[in-house]
Amino acid sequence: MTREEALDSVKANVENPNLVKHMLATEAIMRALARRFGEDEEEWGLTGLLHDIDMELTEGDMKTHSKLGADLARELGVSEAMAHAILCHNAAHGIPPVTKLDKALFCTDPLTGLITAAALVRPDKKLAGLEAKSVLKRFKEKSFAAGASREQISRCSEIGLELNEFVQLGLEAMQGIADDLGL
Ligand SMILES: [Fe+2]
C-alpha cells in the first residue's frame, strides 16, 4: 500500500475535514517519531494516517471503533503490527499497547488535539509562532482541550521520551505540514 492509496481510503471513508486533518497530524508526528527512533517511517506514518479511518463508519461508538479500523487497514494490506497498533489505540477495548509502534500511536493521538487547540487560541490561529513552552503550559491547564487526555499523552515516557521532548517533536512535525492542516 502506498501513502497515496492510504490517503485515498481515508478520504473515501471520512467526510469531516477536521478528522482527516487529525489523521494527517498523527501521521506527521508518527513519521517524526520513527525518524527519531530509527524505525520504519512508512510503517509508522501510515499507521498514524489510517488509525481513525472507521470513526464515521462506527459513528464514534467506542465499542466498535478501531476494531473495524484494524480490519479495514488489514484489507488495505497493512502488516499485523500496524493493525494491532490501530486496534489498541482505543483504550475502550482494554487491549494494552505492547510494541513501540502501539505505544507511539497511543500517546500521539491526543497530542495532536492539544497542539491544534493551542494554535487556535492564538490571535493568528497559526502553528508557526507557537512554542513548545506554550503547549506545555496548556498541558497543565486541565480544562483546556480537556478531551486531549493528559494521562495518555504522558505515556510518551513508555517510548523513552520526556514530555517536553515529545511536545517539541510533535509541534515541529505539525508545523512542517501546517498548510495541509490549515493552521
Ligand atoms: Fe485519533
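Is Cys156 buried or exposed? Select Cys156 in this predicted model and display its surroundings: with a relative accessibility of 1%, Cys156 counts as buried.

**The cysteines**

Keep Cys156 selected and add Cys107, whose sulfur is the closest cysteine sulfur to that of Cys156, at 5.7 Å. Since a disulfide requires the two sulfur atoms to lie within 2.5 Å, the separation of 5.7 Å between Cys156 and Cys107 is too far for a bond. Next, select Cys88, for which the closest cysteine sulfur is again found in Cys107, here at 11 Å, which is likewise too far for a bond. Cys88 is buried as well, its relative accessible area being 1%. If the search is extended to the whole structure, the number of disulfides found is zero.

**Helix 7 against helix 9**

Now select residues 132–140, which form helix 7, together with residues 163–175, which form helix 9, and turn the view until both axes can be followed; the axes come within 9 Å and cross at roughly 120 degrees. Helix 7 is therefore oblique to helix 9, and the crossing of the two helices is right-handed. To see what makes the contact, show the side chains of Ala132, Val135, Leu136 and Phe139 on helix 7, and then those of Leu163, Asn164, Val167, Gln168 and Leu171 on helix 9. Colouring these contact residues of helix 7 and helix 9 by character gives seven nonpolar and two polar residues, with no charged residue among them.

**The loop between helix 3 and helix 4**

Move next to the loop that joins helix 3 (41–50) to helix 4 (67–76), and select Glu59, which has its place there. Which backbone feature deserves a look at Glu59? Its phi is near 50 degrees, a positive value in a residue other than glycine. Glu59 counts as exposed, with a relative accessibility of 73%.

Stay in the loop between helix 3 and helix 4 and select Ser66, which also lies there. Phi of Ser66 is near 85 degrees, again a positive value in a residue other than glycine. Is Ser66 buried or exposed? At a relative accessibility of 0%, Ser66 counts as buried, whereas Glu59, in that loop too, counts as exposed at 73%. With both residues displayed, the loop between helix 3 and helix 4 can be viewed as the setting of Glu59 and of Ser66, each with a positive phi, near 50 degrees in Glu59 and near 85 degrees in Ser66.

Technical notes:
Residues are numbered from 1 along each chain as its sequence is written. This is a predicted model: local features need pLDDT of at least 70, side-chain atom pairs count only at pLDDT 80 or more; totals for chains, interfaces and linings use all residues. Side-chain values use heavy atoms; hydrogens and water are left out. Axes are lines fitted to C-alpha atoms, for helices over the stretch in contact, and angles run from 0 to 180 degrees between N-to-C directions. Helices (H or I, at least four residues) and strands (E, at least two) are DSSP runs, numbered from the N terminus. Angles under 35 degrees count as roughly parallel, over 145 as roughly antiparallel, 65 to 115 as roughly perpendicular and the rest as oblique. A crossing is left-handed if the near helix is turned anticlockwise from the far one by less than a right angle, and right-handed if clockwise. Contact means heavy atoms within 4.5 Å. Ala, Val, Leu, Ile, Met, Phe, Trp, Tyr, Cys and Pro count as nonpolar, Asp, Glu, Lys and Arg as charged, and the others, Gly among them, as polar. Buried means under 20% relative accessible area, exposed over 50%, partly exposed in between (1.4 Å probe, protein chains only).
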